[in-house]
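Please work through the exercises below with the sequence and the model side by side. Each task is followed by a solution that proceeds step by step.

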Amino acid sequence: MSRLREFTKGIIKENPTYVQVLGMCPTLAVTTSAINGLGMGLATTAVLTMSNVVISLIRKIVPDKIRIPIFIVVIASFVTMIDLLMHGFAYDLWKTLGLFIPLIVVNCIIMGRAESFASKHGVLDSMLDGLGVGLGFTGSLVLLGSIREFFGNGTIFGYRVWELKIFLEILPPGAYITLGLLSALFTYIGIRRKKRGEAK
């Protein structure tokens, strides 16, 4: 698999949110606005990329039986750094995202990539994998947050673009409905691409 494919696979083909249906807690909870989605996505991308690099570096010296606790310590260390940085430099966003920043430690996307990829591949491939999957997750949250904010508040990134407000969109049912429609769209695109590939 080429390195470009390693980087891009997490953006559409193996998108963690719409295709693999992972990381649903932050996806549904924080995407009431585009900026919340962007903040959570970038925080997760930073942790995912850095933890993938470190886990790949230490993979040959970590005993197999205790690899999961060691992976969690690595991930938790980076989550703590991101939490403190957001507290110091993006305090309003840190207050809005609240508990979901520390919960990145148990995000199944990060543990999944550490176990299935970083612990078995080299540093560069692991970094590209983490960066690609993280950007795919970020894009998913920004898209979902933008749609919910647009229909729910009439704004995008806080800027008013229309006056109509569909209050349901910023409530939990709005998150489920929008996520379901976007998942259906990504699945349809995946099926079309597969059929096109088989036809060639």
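The exercises treat a helix, aromatic pairs, salt bridges and backbone angles in turn.

The model is predicted, so that local features need pLDDT of at least 70 and side-chain atom pairs count only at pLDDT 80 or more, while totals for chains, interfaces and linings use all residues. Residues are numbered from 1 along each chain as its sequence is written, and side-chain values use heavy atoms, with hydrogens and water left out.

**Exercise 1. Compare the expected span of helix α3 with the distance between its end C-alpha atoms, and decide whether the helix is enclosed.**

Step 1: Helices are DSSP runs of H or I with at least four residues, and strands are runs of E with at least two, numbered from the N terminus. Helix α3 covers residues 34-58, which is 25 residues.

Step 2: The expected span is 1.5 Å times one less than the number of residues. For α3 this gives 36 Å, and the end C-alpha atoms are 36 Å apart, which agrees.

Step 3: A residue is buried under 20% relative accessible area, exposed over 50% and partly exposed in between, with a 1.4 Å probe and protein chains only. In α3, 18 of the 25 residues are buried, so the helix is largely enclosed by the rest of the structure.

**Exercise 2. Describe the aromatic pair of Tyr-18 and Phe-186, and then that of Phe-150 and Phe-151.**

Step 1: Rings of Phe, Tyr and Trp (its six-membered ring) pair if their centres lie within 6.5 Å, and planes under 30 degrees apart count as stacked, over 60 as edge-to-face and the rest as tilted. By this rule there are five aromatic pairs.

Step 2: The ring centres of Tyr-18 and Phe-186 are 4.7 Å apart with the planes at 40 degrees, so this pair is tilted. Because Tyr-18 lies in the loop between α1 (3-8) and α2 (24-30) and Phe-186 in helix α8, the pair ties together parts that are 168 residues apart in sequence. Both Tyr-18 and Phe-186 are buried.

Step 3: Phe-150 and Phe-151 form an edge-to-face pair, with 5.0 Å from centre to centre and 80 degrees between the planes. Phe-150 is partly exposed at 26% relative accessibility, and Phe-151 is partly exposed at 30%. Together with Trp-162, Phe-150 and Phe-151 form one aromatic cluster.

**Exercise 3. Which salt bridges does Arg-67 form, and which residues are joined into a network with Asp-129?**

Step 1: A salt bridge is a side-chain nitrogen of Lys or Arg within 4 Å of a carboxyl oxygen of Asp or Glu. The structure holds four salt bridges.

Step 2: Arg-67 forms a salt bridge with Asp-64, the closest N and O atoms being 3.5 Å apart, and another with Glu-115, where the closest N and O atoms are 2.8 Å apart. The pair of Glu-115 and Arg-67 links helix α6 (residues 108-118) to helix α4 (residues 67-89), 48 residues apart.

Step 3: Asp-129 and Arg-113 meet in a salt bridge of 2.7 Å, N to O. As Asp-129 lies in helix α7 and Arg-113 in helix α6, the pair ties together parts 16 residues apart in sequence. Both residues of this pair, Asp-129 and Arg-113, are buried. Salt bridges with shared partners join Lys-9, Arg-113 and Asp-129 into one network.

**Exercise 4. Where does Val-21 lie, and what is its phi?**

Step 1: Val-21 is in the loop between α1 and α2.

Step 2: The phi of Val-21 is positive, about 55 degrees, although Val-21 is not a glycine.
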